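Me: I have a structure open on my screen and would like to learn how to read it. Could you take me through it feature by feature?

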Amino acid sequence: MSNVRTSTVPTIDLNDGHTIPQLGFGVFQIPPEETASAVSVALEVGYRHIDTAEMYGNEQGVGEAVRASGLDRADVFITSKLNNGFHRPDDARRAFAQTLGELETEYVDLFLIHWPLPTLYDGDFVSTWKTLEEFRQDGRARSIGVSNFQAEHLERLAAGCDVVPAVNQIELHPYFGNSEVDAYDRANGIATEAWAPIAQGKVLGDPTLNEIAARLGRSPAQVALRWHIQRGNIVFPKSTTPARIKENFELFDFQLEAGDVEKIDALDRGEEGRDGPHPDRMAYIPG
């Protein structure tokens, strides 16, 4: 690929000495056959952080796009996540090896437990986490973290394990601030990553966001994503539309005033704003 652009995205310091680009590109629900082209567009626009997962079924397309990009592997931050069906240590080891095979890479920058699944596996996500600690120890995962962990789940890891998660990837958007978990993360040096950062589009018709967007000459999505950036969240919007992929990247040449941030904070509906499953009850295992 010609004239690869350098990235303008700020980085967040993780608790293990590594850094992560604050803005990434998400590939949730992108069909496997469309993944390579969408990721290629994102890398061309300037994204250097790609978030995938075993359960998305599209790790192969991510790896293909990174290899085709002309970028050094070291310049692209790749995250993947453990399939819910493989929490037992030996299964997790096999699944992780398969992830590296699908991506055709010797390491991932970040590997997460996708869901805690407290109603499955006798509620034992601690032994799963200790298995991820092995991947970090042998260098095949530069950083390890969790996704959808509640404060009490994180407390259990803190009590029984050596490594504090580098990140916790949780549902978080203007309608659902997930404040208890976010506060726990901040107090314990865990970076918060926000999935569904625009509530899968549900916030885009919001009058408050639209008023701010009109005043700034921006889109409602850009305003919502900029709100995340100013809160210190790591965020990775998803789109397969090249114009939208580009628009979602253009967050660093404007700023929300404190009053606008407060207005967006006030949209939080608490638990009623949650769009996805509650982590305490999530028990899905792919068939």
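Reply: Happily; we will go through the sheet, some single residues and then the open spaces. This is a predicted model, in which local features need pLDDT of at least 70, side-chain atom pairs count only at pLDDT 80 or more, and totals for chains, interfaces and linings use all residues. Residues are numbered from 1 along each chain as its sequence is written, and side-chain values use heavy atoms, with hydrogens and water left out.

Me: Let's begin with the sheet. What is the order of its strands?

Reply: Two strands pair if DSSP finds at least two bridges between them. Strands (E, at least two residues) and helices (H or I, at least four) are DSSP runs, numbered from the N terminus. Here an open sheet of eight strands runs E3-E4-E5-E6-E7-E8-E9-E10, with parallel pairing. Strand E3 (25-26) and strand E10 (234-235) are the edge strands, each pairing on one side only.

Me: Which residues face each other where E4 and E5 pair?

Reply: Strand E4 (residues 49-51) pairs with strand E5 (residues 77-82) in the parallel sense, over three bridges. Ile 50 is opposite Ile 78 in E5, and Asp 51 has Thr 79 of E5 as its bridge partner. As a general idea, side chains in a regular strand alternate between the two faces of the sheet.

Me: Is E5 buried or exposed?

Reply: Buried means under 20% relative accessible area, exposed means over 50%, and partly exposed is in between (1.4 Å probe, protein chains only). In E5, six of the six residues are buried, so the strand is largely enclosed by the rest of the structure.

Me: Which helix lies across E8 and E9?

Reply: Angles run from 0 to 180 degrees between N-to-C directions, and axes are lines fitted to C-alpha atoms, for helices over the stretch in contact. Contact means heavy atoms within 4.5 Å. Helix H6 (residues 179-187) lies across strand E8 (167-171) and strand E9 (191-195), and runs at about 165° to E8.

Me: Now single residues. What does Ser 143 touch?

Reply: Ser 143 lies in strand E7 (residues 141-147) and is buried, with a relative accessible area of 0%. Leaving aside neighbours within four places in sequence, Ser 143 is in contact with Leu 14, Asp 16, His 18, Asp 109, Leu 110, Phe 111 and Ala 166.

Me: And how do Leu 132 and Leu 216 sit in their helices?

Reply: Leu 132 is in helix H4 (residues 126-137) and is buried, at 0% relative accessible area. Not counting residues up to four places away in sequence, Leu 132 touches Phe 111, Leu 112, Ile 113, Ile 144 and Gly 145. Leu 216 belongs to helix H7 (residues 207-216) and is partly exposed, with a relative accessible area of 31%. With that same limit of four places in sequence, Leu 216 touches Phe 254 and Leu 256.

Me: Which residues have a positive phi without being glycine?

Reply: Gln 29 is one of them, with phi near 70°. Gln 29 lies in the loop between E3 and helix H1 (32-45) and counts as exposed, at 53% relative accessibility. Asn 148 has a positive phi of about 65°. Asn 148 is in the loop between E7 and helix H5 (151-160) and counts as buried, at 4% relative accessibility.

Me: How should I read pockets and cavities, and what lines the largest pocket?

Reply: On a 1 Å grid over the protein atoms alone, a cavity is a set of points where a 1.4 Å probe fits but cannot get out; a pocket is an open set with protein on both sides within 12 Å along at least five of seven lines, and lining residues have an atom within 4 Å of a point. Grid points are joined across faces, edges and corners, and a volume is the space filled by probe spheres set on the points. The largest pocket holds about 840 Å³ of space. Of its 32 lining residues, the closest to the centre are Phe 28, Gln 29, Trp 195, Ala 196 and Gln 200.

Me: What about the largest cavity: which residues line it?

Reply: The largest cavity holds about 40 Å³, and its lining includes Asn 148, Trp 115, Trp 195 and Arg 274.
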